[in-house]
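Biologist: Please take a close look at one part of this model for me. I would like to hear about the second largest pocket, and then how it sits among the other features.

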Amino acid sequence: YAILILIPIWVIAVLGYILGLAQTFPGYATITWWTFTALYTIGLARYERPIWLYIGTITIHLALITLINLPSLELDTNQIGLIISISSILYLGIIGTCYKYQKWNHDYSLKTKQYIFLPLRAGAGIEAIIGLLLSGWGNWGNWEGLAVTIIYTVISIVAAQISKYRFAPYVTMALFLVINVFVVGLIGGSWPTRATGWALQGLAFWWIAKGIVFISKNKLKYDLRLWVNPLENSSTRTALFAGSFAFITLAAKILGIGTFDPDLIVPTSVIAILGLLYLGKAITEKNVLSGYLAAVALLFSWYVQLKERDLSQIEIQLYTIPAGLYLLALGYLENRRKILDHKLALASNVLGVIVLSGSAFVQSIITSNGMELVFVLLGGFEGMMLTIWGIFSKSKISFAAGILTFVINIFYQATSLLSETNGAIIGIISGLFIIVLVIIIERTKSHLVSKGQKFKDYVNDWDW
């Protein structure tokens with residue numbers, strides 16, 4: 001054992017002294033250590049003895065230390081973390097291969113195997129964590145840290161699927177949270193903004209779990225049921241963690257602690273996403289308490305946005321449009337279920353209509369920065385889409401809300417125009433339009449009554 005370790009040390013010392021390689025070729029020590037690591041790996045495969053594994057462990061780490069200290073590479077802390085992470089992955093691969101496939105494992109008892117591999121696996125795991133921390137040290141928005149986290153996540157998914165160990169998926173869930181940290185940092189987001197990403201991840205975890213349950217009813221090549229409970233458990237915990245983090249940063253700003261600068265949209269967005277999560281849980285799990293929590297969260301978030309935000313900002317629609325569509329979709333799915341009480345579906349449809357079409361209408365009334373026409377057109381488009389959706393989904397609320405939204409939008413804009421234009425001209429045109437409309441209705445009255453009765457009979461079977 002001592003001889004095998006001393007050989008590369010002796011080679012490095014003699015060559016460095018005789019040939020002066022330290023000055024002419026600074027990387028000679030690194031290359032020598034990597035060369036002997038490769039030789040010991042071959043010896044491990046050939047002789048299948050633990051001594052070769054331990055010797056290779058020493059040389060691979062000496063090679064890594066000399067590599068990251070090469071002055072010609074000029075590595076920063078994040079790049080060093082990337083190199084350490086890649087080295088730890090390769091080393092864990094060697095250990096795992098030896099543990100699973102080496103024949104000499106059969107010559108030892110289980111307890112002896114644990115003594116052989118447990119220290120090595122623990123050391124490699126600690127090294128992997130150090131590499132991840134260094135890859136993001138001082139800059140949690142760089143490509144090195146993101147690359148390391150993605151690699152770790154992929155490996156954790158494969159390891160969990162192969163091992164079937166029920167706690168392994170939780171490592172994957174935690175790594176996804178770290179991926180969010182780097183992704184938001186890369187696009188210029190702050191730490192409070194990351195809370196919104198975590199909340200969205202919690203919502204995504206929950207839906208992925210439900211998707212796995214649905215597709216698992218059919219026979220698949222891979223059994224994915226291992227992921228259902230970790231995804232469901234992690235969804236609520238991740239969303240609650242995001243909410244707690246958002247409020248902590250908001251409180252820190254109010255108290256003047258730290259350098260956090262959270263925008264009001266961050267905590268309200270997190271609350272809204274929590275509401276969407278609990279609404280889905282209420283419908284699928286028939287949990288009334290979750291339904292009440294969802295309604296309170298969604299209405300509170302929407303009200304705070306209306307009360308405190310500048311409604312001329314079109315960015316508010318980035319919340320209202322997805323939230324409204326989500327609520328309408330949940331209402332549709334709930335109506336399709338064979339249950340007698342559709343109160344949650346009714347509440348979901350009402351909230352969806354209010355959040356979706358109500359926001360654009362309110363913004364068109366209040367806005368005075370030249371964006372009025374945008375919100376008017378958006379409100380009219382949403383009214384038409386709600387009407388079409390009501391016909392498709394056979395929802396009375398969506399159908400009626402779409403017509404009312406469109407009519408009210410036009411009526412308000414017409415009255416607003418009267419106050420700014422020559423009222424006599426607009427009045428004459430409006431009067432002529434009403435006279436023509438009355439004549440048409442009078443001449444087609446019987447036909448309209450007949451069609452109206454047929455339409456009434458048709459919508460009687462619709463859901464609210």
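Modeller: Start with the walls. The second largest pocket is lined by 21 residues. Nearest its centre lie T196, L200, S269, I273 and L318. Four elements each give two or more residues to this lining: helix 8, helix 9, helix 11 (265-285) and helix 13 (317-336). Helix 11 gives the most, with six residues. Now sort the lining of the second largest pocket by class. There are 14 nonpolar residues, five polar ones and two charged ones. The space in this pocket is about 520 Å³. Keep in mind that this is a predicted model.

Next, the largest pocket. Its volume is about 1400 Å³. The lining has 30 residues, and L92, R121, I155, S156 and A159 are the ones nearest the centre. Helix 5, helix 6 (110-136), helix 7 (143-163) and helix 8 (168-186) each give two or more residues to the lining of the largest pocket. Helix 8 is thus named for the largest pocket and also for the second largest pocket. Helix 5 has the largest share of the largest pocket's lining, 10 residues. By class, that lining holds 21 nonpolar, seven polar and two charged residues.

Helix 5 leads on to the cavities. The structure holds three cavities of 30 Å³ or more. The largest cavity has a volume of about 80 Å³. Helix 3 (28-47), helix 4 (50-68) and helix 5 (77-101) each supply at least two residues of its lining. Helix 4 gives the most to the lining of the largest cavity, with five residues. Among the lining residues of this cavity are T37, Y40, W52, G56, Y91 and I94. The lining of the largest cavity divides into seven nonpolar and four polar residues, with no charged ones.

Now go back to helix 9, one of the elements in the lining of the second largest pocket. K210 lies in helix 9 (residues 191-215). The side chains of K210 and E232 meet in a salt bridge, at 3.2 Å from N to O. E232 lies in helix 10 (residues 228-255), so the pair ties together parts that are 22 residues apart in sequence. Why can such a pair form? Side chains of opposite charge can pair when their charged atoms come close. Are the two partners buried or exposed? E232 is partly exposed, with a relative accessible area of 21%. K210 is also partly exposed, at 23% relative accessibility. Buried would mean under 20%. A search of the whole structure finds one salt bridge.

Last, step back to the protein chain. The chain has 18 helices and zero strands. Of its 464 residues, 41% are buried. Take the contacts between residues at least 6 apart in sequence: 68% of them join residues at least 24 apart. The accessible surface of the chain comes to about 26500 Å². Carbon and sulfur atoms account for 71% of that surface.

To return to your pocket: helix 11 gives the most to its lining, and S269 and I273 are among the residues nearest its centre.

Technical notes: Residues numbered from 1 in each chain as written. Predicted model: local features only at pLDDT ≥ 70, side-chain atom pairs only at ≥ 80, totals over all residues. Heavy atoms only, no water. Buried < 20%, exposed > 50% of the residue type's maximum accessible area, 1.4 Å probe, protein only. Contact = heavy atoms within 4.5 Å. Areas by Shrake-Rupley, 256 points an atom, 1.4 Å probe, with all protein chains shown as cover. Salt bridge = Lys/Arg side-chain N within 4 Å of Asp/Glu carboxyl O. 1 Å grid on protein atoms, 1.4 Å probe; cavity = no way out; pocket = protein on both sides within 12 Å on 5 of 7 lines; lining within 4 Å. Points joined across faces, edges and corners; volume = space filled by probe spheres on them. Nonpolar A, V, L, I, M, F, W, Y, C, P; charged D, E, K, R; others polar.
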